[in-house]
2 protein chains.
Amino acid sequence: MAEELSATHAAAEKGLAAQAASDEPIRARNVLKILTAAVEIFSRKGLDGARIVEIAKASGLPKGNVYYYFSSKEEIYTAAIDHLIHSWDDAFRHISADREPGDAIEAYVRAKLDNARENAAETRLFANEILQGAEHLSVAARDHMRTVTSEKARVIDAWAAAGKIEKIDARHLFILLWSVTQFYAEFEALACDALNVDELTAVDYDMAAKTITQTVLRGLMIRLS
Amino acid sequence: MAEELSATHAAAEKGLAAQAASDEPIRARNVLKILTAAVEIFSRKGLDGARIVEIAKASGLPKGNVYYYFSSKEEIYTAAIDHLIHSWDDAFRHISADREPGDAIEAYVRAKLDNARENAAETRLFANEILQGAEHLSVAARDHMRTVTSEKARVIDAWAAAGKIEKIDARHLFILLWSVTQFYAEFEALACDALNVDELTAVDYDMAAKTITQTVLRGLMIRLS
DNA sequence: AAAGAAGTTGACAATTTGGTCAAGTTTTTT
DNA sequence: AAAAAACTTGACCAAATTGTCAACTTCTTT
């Protein structure tokens with residue numbers, strides 16, 4: 001029962017499946033346990049490196065039970081992957097034409113950093129999947145990402161056209177923002193070394209947000225003369 | 001023989017073991033073949049996910065022969081990992097106190113991007129190792145990284161103290177530069193989607209360098225007023 | 001050219017792994 | 001409360017995987 005509580009709590013903390021364990025109690029709860037454990041393991045080891053006994057152990061269920069809900073390792077993996085895209089472009093909503101560029105980009109950076117910190121395992125899983133070639137991301141998911149990116153690039157272009165920011169390649173700018181905001185969660189070990197700390201705290205994330213926005217915003221601001 | 005040639009060529013292209021196949025011909029050549037193949041496979045699958053038959057096949061040697069040179073998968077992995085740190089901090093030499101900040105940082109970004117592009121597999125392997133918790137990086141290697149980072153942070157601080165750039169947290173700035181310069185190699189699939197291309201070419205890397213330096217350098221430049 | 005060292009190889013053993021299943025228990029339905 | 005559905009579980013199997021090895025070939029030394 002301690003297991004149930006902690007598993008549910010962990011799941012609530014992460015972004016995985018917001019629905020509570022009320023309508024379809026047992027199945028929903030166990031699937032959640034498994035997926036939460038799976039995200040953690042897959043995020044470190046990848047599809048081929050993860051052992052399903054490990055996932056079973058981490059979820060508190062015997063292996064046979066895991067196979068009662070999922071018919072293969074692949075199925076668990078793709079189920080876990082499917083959650084990722086939504087949280088990926090969620091922060092993107094801040095980049096909208098009717099906002100001031102400075103506010104919008106700062107809000108985006110904060111949202112992205114917060115998300116990376118709160119859903120570190122999911123962030124790592126996404127990184128792992130891309131590192132391995134993104135072969136398990138559905139075509140629909142990748143299309144969606146491309147569409148959203150193009151759409152948001154037009155917002156940046158419009159800001160530049162309106163003289164609100166310097167002209168810049170929007171897509172490379174997005175890559176810059178993605179890479180740095182995800183870095184702290186994906187490569188925490190390296191970030192700790194670089195910052196000379198044992199683990200990243202809220203203060204570090206705050207300083208990260210400050211440094212990123214300071215640098216990028218100043219870099220984009222129009223200079224008269 | 002076509003195999004030998006291509007393996008040697010691939011090895012020369014990558015940063016792995018510069019020594020030619022002349023002083024200790026057979027052993028050196030085969031170890032190189034194996035390590036080159038291993039970096040490629042490990043960079044995608046990680047230590048647990050990689051199968052040594054895969055490495056054997058990719059190196060063109062039968063599995064038994066691989067075990068003639070290495071006594072375990074772990075040993076191949078750590079041998080491959082040990083090469084990484086040098087190429088990691090190589091670009092860092094551009095950040096030196098006697099240069100102008102603008103030149104230095106631009107040179108650093110270019111060097112880092114070039115290295116990531118030329119040694120894509122090694123870059124991915126490094127990323128993979130950190131993602132999994134950096135448990136196979138030697139203590140010496142991590143100490144070295146910490147030391148170099150601190151040293152270079154002092155250069156940034158000195159530039160700021162001399163009024164050459166805006167005050168900034170040097171360590172977070174480094175993280176920003178690392179993350180974005182490595183992104184194109186590590187997450188090529190995502191970069192392609194973002195840039196709406198099928199594969200990254202020299203032009204894309206060039207535009208990346210331009211956008212990064214434009215943004216970061218303008219962000220750091222002192223404004224009178 | 002003979003002998004010893006170095007390298008090659010496929011077949012083999014031991015272990016791990018993904019996945020199944022039949023026999024049980026618990027929960028839900030009627 | 002009985003029957004049906006849903007869930008649990010450890011034992012089990014087949015395939016995959018790591019690592020070994022003895023017989024063999026090629027190179028180096030003298």
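**View 1. Elements of both chains form the surface near DNA strand D.** In this predicted model, α2 (25–49) and α4 (63–69) of chain A each supply at least two residues of that surface, as does α4 (63–69) of chain B. The largest share comes from α4(A), with four residues. By type, the surface residues divide into seven nonpolar, four polar and four charged. In total, 15 residues surround DNA strand D. The closest are A:Gly64, A:Asn65, A:Tyr69, B:Lys63 and B:Tyr67. Of the atoms of DNA strand D that come within 4 Å of the protein, sugar and phosphate account for 67%.

**View 2. Residues of chains A and B approach phosphate oxygens of DNA strand D.** A:Asn65 places a polar side-chain atom 3.1 Å from a phosphate oxygen of the strand. For A:Tyr68, a polar side-chain atom lies 3.2 Å from a phosphate oxygen of DNA strand D. B:Ile52 takes part through its backbone: an N or O atom lies 3.4 Å from a phosphate oxygen of DNA strand D.

**View 3. A:Ile85 is a buried residue of helix α6 in chain A.** The helix spans residues 84–90. The relative accessible area of A:Ile85 is 6%, under the 20% limit, so the residue counts as buried. Which residues does A:Ile85 contact, leaving aside neighbours within four places in sequence? They are A:Leu137, A:Ala141, A:His144 and A:Met145. A:Ala141 is 56 residues away from A:Ile85 in sequence. In space, the C-alpha atoms of A:Ile85 and A:Ala141 are 6.7 Å apart.

**View 4. A turn of 180° lays chain B on chain A.** The shift along the axis is 0.0 Å, and the RMSD is 0.1 Å. This is the relation of a two-fold axis. Both copies use the same surface: 100% of the contact residues of chain B recur in chain A.

**View 5. Helix α11 of chain A is largely enclosed by the rest of the structure.** The helix covers residues 188–195. Seven of its eight residues are buried, so the surroundings largely enclose it. The buried residues are A:Ala189, A:Leu190, A:Ala191, A:Cys192, A:Asp193, A:Ala194 and A:Leu195. Which elements help to cover the buried residues of α11(A)? From chain A, the cover includes α10 (170–186) and α12 (202–220). From chain B, it includes α8 (120–131), α9 (139–161) and α10 (170–186). Just after α11(A), A:Asn196 takes a positive phi of about 60°.

**View 6. A:Thr215 of helix α12 in chain A touches residues of chain B.** Is A:Thr215 buried or exposed? Its relative accessibility is 0%, so A:Thr215 counts as buried. Not counting residues up to four places away in sequence, A:Thr215 touches B:Ile168, B:Thr215, B:Val216 and B:Gly219. B:Thr215, the residue with the same number in chain B, is thus one of the residues touched.

**View 7. A:Trp178 is one of the residues with the most contacts inside the largest nonpolar core.** That core has 150 residues. A:Tyr184, B:Trp178 and B:Tyr184 are listed with A:Trp178 as having the most contacts inside it. Residues up to four places away in sequence are again not counted for the contacts of A:Trp178. In chain A, the residue touches A:Trp88, A:Phe92, A:Tyr108, A:Lys112 and A:Thr149. In chain B, A:Trp178 touches B:Phe183, B:Leu190 and B:Ala194.

Note on methods
Residues numbered from 1 in each chain as written. Chains lettered and ligands numbered in written order. Predicted model: local features only at pLDDT ≥ 70, side-chain atom pairs only at ≥ 80, totals over all residues. Heavy atoms only, no water. Near = heavy atom within 4 Å. Polar contact = N/O pair within 3.5 Å; in protein donor to acceptor, adjacent residues only side chain to side chain. Nonpolar A, V, L, I, M, F, W, Y, C, P; charged D, E, K, R; others polar. Buried < 20%, exposed > 50% of the residue type's maximum accessible area, 1.4 Å probe, protein only. Contact = heavy atoms within 4.5 Å. Least-squares fit on C-alpha atoms with pLDDT ≥ 70 in both. Core = buried A, V, L, I, M, F, W, Y, C linked by side-chain atoms within 4.5 Å.
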